[in-house]
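Thank you for asking me to look through this entry. My notes follow as numbered points, each meant to be read with the structure open beside it.

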Amino acid sequence: MKFISQLFFLLILSQCSYSQTKEQKSEAEKSEVKEVLVAKQVDSTNAVVLNAYNKKLEELEVQRLKDSVQQSKLQSKLEKLSTTDNIQKDKLLKQLQEFADKDKERLEFKKRQIDSLRTTAKSYPVMGFFNDTLFAIYNRLGSFSVKDRAEAVSNRIQKLADIYQFKKEDIQISASESTVDLMVGESILTSISENDAIWNNTTKEELAKKYKSTIENAVIKYQEETSTETLSKEIGLALLVLLVVGIIIFFIRKGFRKLNQKISEQEGKLLKGITIKNYTLFDTSRQVNVFTSISNFLKWILTILTIYLSLPILFGIFPWTKHFTDTLIEYIKSPALKIVHGVWDYLPNLVTIMVIVIFFRYVLRLIHFLKTEVENEKLQLSGFYPDWANPTYQIIKVVLYAFMGIVIFPYLPGSDSPIFQGVSVFLGVLFTFGSSGSLSNVVAGLVLTYMRLFTIGDRVKIGDVFGDVIEKSMLVTRVRTTKNEIISIPNSTVMNSHTINYSSDAPVNGLILHTTVTIGYDVPWKKVHQALIDAANRTELLQKKPVPFVLQTSLDDFYVSYQINGYTKEVNKQALIYSDLHANIQDCCNENGIEILSPHYRAARDGSQSTIPEDYLDKNYKAPKFNISISKEE
């Protein structure tokens, strides 16, 4: 029934845990879906805004072209006017100013729109020769999308590397009606529009100069680094690095080989094994193997670390692989920084834990000192026995450690994570159901300790088990019987059984051992008393004082029951004492001519041999003949 109830409780708990996990999972899925929907909504919103912006730009560009035509016509009329026609001239100038103001408003509108798109707009990089980014493009131009435009400019720049003896003068800046172009001969390298300038917060001319300088430097650098002379130097440097790495690995292996040899030579000298009391944890050969394994492990760690650290140097030599250098360094740098930052951020909690541990440690030292004083009876507490000191200290120690764990728990890393909490709950449930029987024995062991039923070495009888107590633990009590049988009794069984302790009062008052012998009514009781007392006095382990005594326990049909009682302090030798006492009872009864005719002995007195052994009878003793007397009546 108990198992069924525990199983039912476990099923309920697992169902609750499953439901909670399912709810958390569904909440996480909902949150993830919500984030995806929000991201899609943001992207769609940005796309709508960008499309509206591009449409507006197209409208503004069409209007700008119309205005440009009008401005050109007005400018031509103004130039054709005579110097005396001031009224018409002012009218034309006013119209030109209106077009200028309108163009200024158009630029301001573009700037505001672009500023609002800076955080959400996606740019595409124009790639150089070594997979590096030269500059970014944010807006489309003509029929080219942003992506197509960036790829087209990247491909044109790549072709510049094929120009033999490329010079900075090969790239020219050419201004057209609406753009500023970078030209290489008759080919356009890239066109810079008004929108490009606004995205970069500058003018078209300044942005063209910046792009020209960036492209020229990239081409010249590529040609320099890919020249035969440079490649030869780089290959030579790479070979030198490989040589140095090889030498370092050679010396690492050689050094560790000598170290292993030194470790082997110390077998039996510095390395003598590890022994804890009588147990050899590591003999010398195992200890040598452990140190050798550690040495080999360190050798491989250093070898791998040397190779890994040399890779960024090798990749950094050649321009095509330089970008791998930062990646490899980041693989070590990022985890190392995380560890350092994690340790640094955890230092306050670590200091708090150290303070808590030190505080509890000194509290335990104080309690241990008090325990020692009570055990040695230097400190006496009313109603508190010295043998209670150690178990009480152990209980307090466990309670304090548990309380310290509760106090420290919130400061442990990851203590607030669901996984950590789930494992804690699982271990708690596992401990509860797995130790239900053991807990009852532990509680019974504590109760037995404070009941002081027995101590180690006491002769006891627990239920039907008779012997000496050799061990008391939190779970079981072990008893050695008089036949050297070791019997383990669960403490809960001891609590539910009656216990006889033969040793607890023996050192002070002595234990009374007794045995019963039955003698016929034909023997005077005083004679029997004296014989039994003499037998008790002859028994070595029975005390002479107090004086042994005899009790007549019953008057039966055929005999009287005499019980001899004697005091002893050697309670653990009862079997030997009883054996000697029984032998002495036979000797004393035989010496006094007392026949032991119990429990059932029948004899016809006339003509029967005496039950007393021949050694105790007179030398001339002969068994009387069996006589029959017949009398005749007259």
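In what order do the strands of the open sheet of 5 strands stand, and is their pairing parallel or antiparallel? Please keep in mind while reading that this is a predicted model.

1. The strand order in this open sheet is 11-10-9-8-12, and the pairing is antiparallel. At the edges stand strand 11 (486–490) and strand 12 (499–501), and because each has a single partner strand, one side of each is left without a neighbour in the sheet. Direction being ignored, neighbouring strands of this sheet are turned by 40° against each other on average.

2. A reader who wishes to follow one pairing in detail may take strand 10 (residues 476–481), which pairs with strand 11 in the antiparallel sense over 5 bridges. Within the view of these strands, threonine 477 can be found opposite isoleucine 489 in strand 11.

3. Turning to charged side chains, the model has a count of 6 salt bridges, and three of the pairs are taken up here, beginning with the one between arginine 478 and glutamate 471, whose side chains meet at 3.0 Å, N to O. Arginine 478 has 27% relative accessibility and therefore counts as partly exposed, since this class lies between the limits of 20% and 50%. Glutamate 471, at 32% relative accessibility, also counts as partly exposed.

4. A salt bridge also joins glutamate 591 and arginine 538, with a distance of 2.7 Å from N to O. This pair links distant parts of the chain, given that glutamate 591 lies in helix 15 (residues 574–591) and arginine 538 in helix 14 (residues 525–538), with their positions 53 residues apart in the numbering. As for exposure, glutamate 591 is partly exposed, with a relative accessible area of 43%, and arginine 538 counts as partly exposed at 41% relative accessibility.

5. Where in the chain do glutamate 216 and lysine 212 lie, and how many residues apart are they? Both belong to helix 5 (residues 204–225), where they are 4 residues apart, which is about one turn of the helix. The two form a salt bridge in which the closest N and O atoms are 2.4 Å apart. Glutamate 216 is buried, and lysine 212 is buried as well.

6. On a second reading, I would suggest setting the pair in helix 5, whose residues glutamate 216 and lysine 212 are both buried, beside the pair that links helix 15 and helix 14.

How values were computed: Residues are numbered from 1 along each chain as its sequence is written. This is a predicted model: local features need pLDDT of at least 70, side-chain atom pairs count only at pLDDT 80 or more; totals for chains, interfaces and linings use all residues. Side-chain values use heavy atoms; hydrogens and water are left out. A salt bridge is a side-chain nitrogen of Lys or Arg within 4 Å of a carboxyl oxygen of Asp or Glu. Helices (H or I, at least four residues) and strands (E, at least two) are DSSP runs, numbered from the N terminus. Buried means under 20% relative accessible area, exposed over 50%, partly exposed in between (1.4 Å probe, protein chains only). Two strands pair if DSSP finds at least two bridges between them. Axes are lines fitted to C-alpha atoms, for helices over the stretch in contact, and angles run from 0 to 180 degrees between N-to-C directions.
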